[in-house]
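Okay, thanks for coming, everyone. Let me put the structure up on the screen, and then we'll walk through it.

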Amino acid sequence: MYSKETIAAISTGMSNSGIGIVRISGEEAFQVIDKIYKGKEVLSKVQSHTIHYGYIVDGKETIDEVLVSIMRAPRTFTGEDTVEINCHGGVYVVKRVLDTVLRNGARPAEPGEFTKRAFLNGKMDLSQAEAVIDVITAKNEYALKSSMSQLKGSVKKKIEEIRKQIIYHTAFIETALDDPEHISVDGYGEQLEGVVETLSEELKDLIDSSENGRIMKEGIQTVILGKPNAGKSSLLNVLSGRERAIVTDIEGTTRDVLEEQIQIQGLNLNVIDTAGIRETEDKVEKIGVDKAKEYAEQADLIIYVVDASRELDENDIEIMKIIAGKKAVILLNKMDLNVLISKENLEQQLHKEIGGACKNIPMIEISAKEEQGIRDFENLLKKMFLQGEISFNDEVYITNMRQKSALQDAYNSLKKVKESIEMGMPEDFYSIDLMDAYEALGSITGETIGEDLVNEIFSKFCMGK
Ligand code: GDP
């Protein structure tokens, strides 16, 4: 699984920029740099964690003026001898430096190979390695904070604590079964049941945290519904703070589905603005209607914009049916105009159409045009999606679906243990399920995971990391 070859890659973005970094890692990293570096010192001889000014040369040709960092194993990211060449950040020049490195003893690194080596060398567990990519791809404050916390080992620590307890009890059962004369398991089932109960609750909390985790990481899948001219595009513009959708007075102009990412109070909203919902012969709008229903089906949040200056019509009724039982917010828009539909009117109508399902749907009066009520709406979203204050001090958030599914497996195994105890099964019966839970959790930290899966996980990384 572990190749000792010396690897190299460009670790910075592939566009012209101030600096570019070529990273070399492996046993021959210093030999490679000695061959292509010209400066005051021989870099294989200098102290670890020092930086040196000089030139990268390719035979007689000088490629670039550089700063080279020398870091000796094991105190490096990969745990191997590492060289980082800071060169000028032009795409061409960085590629030339990498070429020179590759022609002098290194081979191109695969995506994620540096981090994979860090994992294989025990510099971090798998959950931390996965956090590396999450830090890189973090799109907002919450995503960054939760992946930083995971990178520092919060998930690892939590999983290790739970595994320790499971292995203790499995070992006890095994020992007792091997030596029944000296160790009795009488009444042990009851004691274990309590432990399993507590551990299951902890796993459940972690699994539940993934909902917050997913929303932090990927954003809230949001769809805006409302009849034509209700003010959907105007709302989108206010929320995103710039002219994005085309706003006009002609009904049905927002035909295509627009997608936009908006940041509200540190949360990401992935907003889909759809054509107004109405039955029509017009082919284009028909698609809009179907899409609206389809997106509403998959959305985390539906924003229903009601035009308070016009009577409710069959489109509104249609939308009310769509939002029944879903996570939705109703925005009563155009409150700056002559109001025909009051909050009370709307509530009555809603109750008539969808009955009790309207109870959990909050309603806010706004004016997209005058930008009124928008702040209330934003605060409401925060309350709806981030249950309780998000704290990163001691709470662990699972943002990774692989980890979530492993937690679910462990949870199910513990459930089987509980059932076996309740049914009075013999101890060796549930020690197998205990071990299953132990293994499932081990796949999160990477202790009990096959080579194929490790390769698959790291192949999702970007180049040079
Ligand atoms: P959409 O079809 O639902 O996307 O509606 P638009 O955002 O295109 O808005 C339709 C018309 O209503 C435009 O002329 C907007 O300027 C106007 N409009 C939107 N929101 C408000 C509001 O809060 N007050 C007033 N007076 N007009 C609004």
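Let's jump straight into a strand pairing. Look at Ser 17: its bridge partner in β6 is Gly 89. That contact belongs to the pairing of β2, residues 17–25, with β6, and the two go antiparallel with 8 bridges between them.

Before I go on, a word on what you're looking at: this is a predicted model. The average pLDDT over the protein chain is 87, and 90% of the residues come in at 70 or better. For the model scores, ipTM is 0.99 and pTM is 0.72. The usual caution applies: wherever pLDDT is low, don't read the predicted coordinates in detail.

Back to β6. How many of its residues are buried? For β6, residues 82–89, that's 6 of the 8, so the rest of the structure largely encloses this strand. Besides β2, β6 also pairs with β5, antiparallel again, this time through 5 bridges. If you want a spot to click on, try Met 71, whose bridge partner in β6 is Thr 82.

Now keep following β5. It covers residues 61–71, and it's joined to β4, residues 50–58, by 9 bridges, also antiparallel. One pair to pick out there is Ile 51 with its bridge partner Ser 69 in β5.

Okay, zoom out to the sheet. It's an open one with 7 strands, and reading across you get β3-β4-β5-β6-β2-β1-β7, with mixed pairing. Which strands stand at the edges? Those are β3 (37–39) and β7 (107–108); each has a single partner strand, so one side of each has no neighbour in the sheet. As a reminder, what holds strands together in a sheet is backbone hydrogen bonding, parallel or antiparallel.

Let's switch to a helix for a minute. α11 runs over residues 343–354, so scroll along to there. It has 12 residues, and from first C-alpha to last it reaches 16 Å, close to the 16 Å expected at 1.5 Å a residue. Right after α11 comes Gly 355, with a positive phi of about 60°.

Last, the whole chain. There are 15 helices and 13 strands in the protein chain. Of its 465 residues, 39% are buried. And for the contact-map people: take the contacts with a separation of 6 or more, and 68% of them are between residues 24 or more positions apart.

That's my tour. Who wants to drive the viewer?

Note on methods
Residues numbered from 1 in each chain as written. Predicted model: local features only at pLDDT ≥ 70, side-chain atom pairs only at ≥ 80, totals over all residues. pLDDT = per-residue confidence, 0-100. Pairing = 2+ DSSP bridges. Helix = DSSP H or I, 4+ residues; strand = E, 2+ residues; numbered from the N terminus. Expected span 1.5 Å × (residues − 1). Buried ≥ 20, exposed ≤ 12 C-beta atoms within 10 Å, placed from the backbone. Contact = placed C-beta atoms within 7 Å.
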